[in-house]
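Dear colleague,

Please find the structure below, handed over to you together with some notes on its charged side chains.

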Amino acid sequence: MTSRLQEITLQELARQLNAELKGDPSRVIRRVNTLDKAGPDEVAFLSDSKYHSLLKNTRAGAVIVTSADQALCPVASLVMTDPYLGFALAAQALDTTPQPAVDIHPTAVIADDVTLGEGVAIGANAVIESGVVLGDGVVIGAGCFIGKGARLGANSRLWANVTLYHRVELGERCLVQSGAIIGGDGFGYANNKGEWVKIPQLGTVIIGNRVEIGAGTTIDRGALGDTCIADNVIIDNLCQVAHNVSIGYGTAIAGGTVMAGSLKVGKYCIIGGAVVINGHIEICDGVTITGMSMVMRPITEPGLYSSGIPLQPNKEWRKTAARVMRIDDMHKRLNRLEKQSDKKN
């Protein structure tokens, strides 16, 4: 297990950020903080010009800025094109988040034929069933369940109480937050004269490399084929991904989103929070869907899509709702007026 850095010199931080350093290279940085709260041993960042006033008065040990803002910086600066990316990299360099587990806890239940890579850690009361393969550096948090024949790639981490059903495949360097359930049955039933007949879900879930899955998210296994999530996908908390969904490379999905079965989402899509997407449709590459949208038809062109009514004061919203309820009558009246106008002309 690699230890987490708790301090770093500006010289080394600049190297890791690929930034140009203007200031004392020996200054020690221990944390990342905001411009208005950072102290002499902390690094901050400026990615929006509206915070210039905070930059002017900052007490940070250093600030990550663009070349355009560097002259305004009263302290040491790390100059780079994208300060927000610099913030992310600095946070990684100074990350003190503990590992979900260290070593193999004596209360973990591990089947005799489980394959353990080098440096695997398994937390208390975890259950690892027969035929599971854990790659090098895999970390399994307390109370996790890993079903028969599941496979986890090198350096993937599961926080406490994650469930991976049988034959689920998780790639390398993935991160799964607590309470996520991957590989549960899809919602498949036939109806026999009013009685529901369960359809066994015979596929699995295949997840690529560098995928992150939020707390409480559920990803169902395929009915016949597999539910597939490509590399570099990020899924927020409390999302539902139904059976046989396919999600393309680099797509980001915000919290509370619900995806129905056999949906295909392209590459580099951005899906806002609490979006609902119909099943058996396709969303092309490069689509952005704003929060609370309802997607009922395929999207075939890249771009920004929205639905729903933005927030209004209640009095205005009630008027809007009343008018919407009358839209059919208004449409009929408009048609009658157009016909009368045509006759007069």
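To begin with one residue, lysine 332 counts as partly exposed because its relative accessibility is 44%, where partly exposed lies between buried (under 20% relative accessible area) and exposed (over 50%), computed with a 1.4 Å probe and protein chains only. Salt bridges that share partners also join Glu7, Arg30, Arg31, Asp41 and Glu42 into one network, a salt bridge being a side-chain nitrogen of Lys or Arg within 4 Å of a carboxyl oxygen of Asp or Glu.

Please bear in mind that this is a predicted model, in which local features need pLDDT of at least 70 and side-chain atom pairs count only at pLDDT 80 or more, while totals for chains, interfaces and linings use all residues. Residues are numbered from 1 along each chain as its sequence is written, and side-chain values use heavy atoms, with hydrogens and water left out.

Lysine 332 itself forms a salt bridge with aspartate 328, with 3.4 Å between the closest N and O atoms. Both residues lie in helix α5, 4 residues or about one turn of the helix apart, helices being DSSP runs of H or I with at least four residues and strands runs of E with at least two, numbered from the N terminus. Aspartate 328, at 43% relative accessibility, is likewise partly exposed.

The whole structure holds 8 salt bridges. One of them joins the side chains of glutamate 12 and arginine 15 at 2.6 Å, N to O, and these residues are about one helical turn from each other because they stand 3 residues apart in helix α1 (residues 10-17). Glutamate 12 is partly exposed at 27%, whereas arginine 15 is exposed at 57%.

A further salt bridge pairs aspartate 185 with lysine 198, the closest N and O atoms being 3.0 Å apart. This pair links distant parts of the chain, 13 residues apart, with aspartate 185 in the loop between β20 (181-184) and β21 (189-192) and lysine 198 in strand β22 (residues 195-198).

Finally, Lys315, Lys319, Arg323, Arg326, Arg333 and Arg336 form a patch of positive charge on the surface, for which residues need over 30% relative accessible area and no salt bridge, like charges being joined within 9 Å. Two elements, α4 (314-325) and α5 (327-344), give two or more residues each to this patch, and α4 provides the largest share, 3 residues. Arginine 323 is located in helix α4 and is exposed, with a relative accessible area of 52%.

With best regards

Methods:
Patches are made of residues with over 30% relative accessible area and no salt bridge: like charges are joined within 9 Å, nonpolar side chains (Val, Leu, Ile, Met, Phe, Trp, Tyr) within 5 Å. Accessible areas come from the Shrake-Rupley method with a 1.4 Å probe; for residues, only the protein chains shown count as cover. Lys and Arg count as positive and Asp and Glu as negative; His and the chain ends are not counted. The place of a charge is taken as NZ of Lys, CZ of Arg, CG of Asp or CD of Glu.
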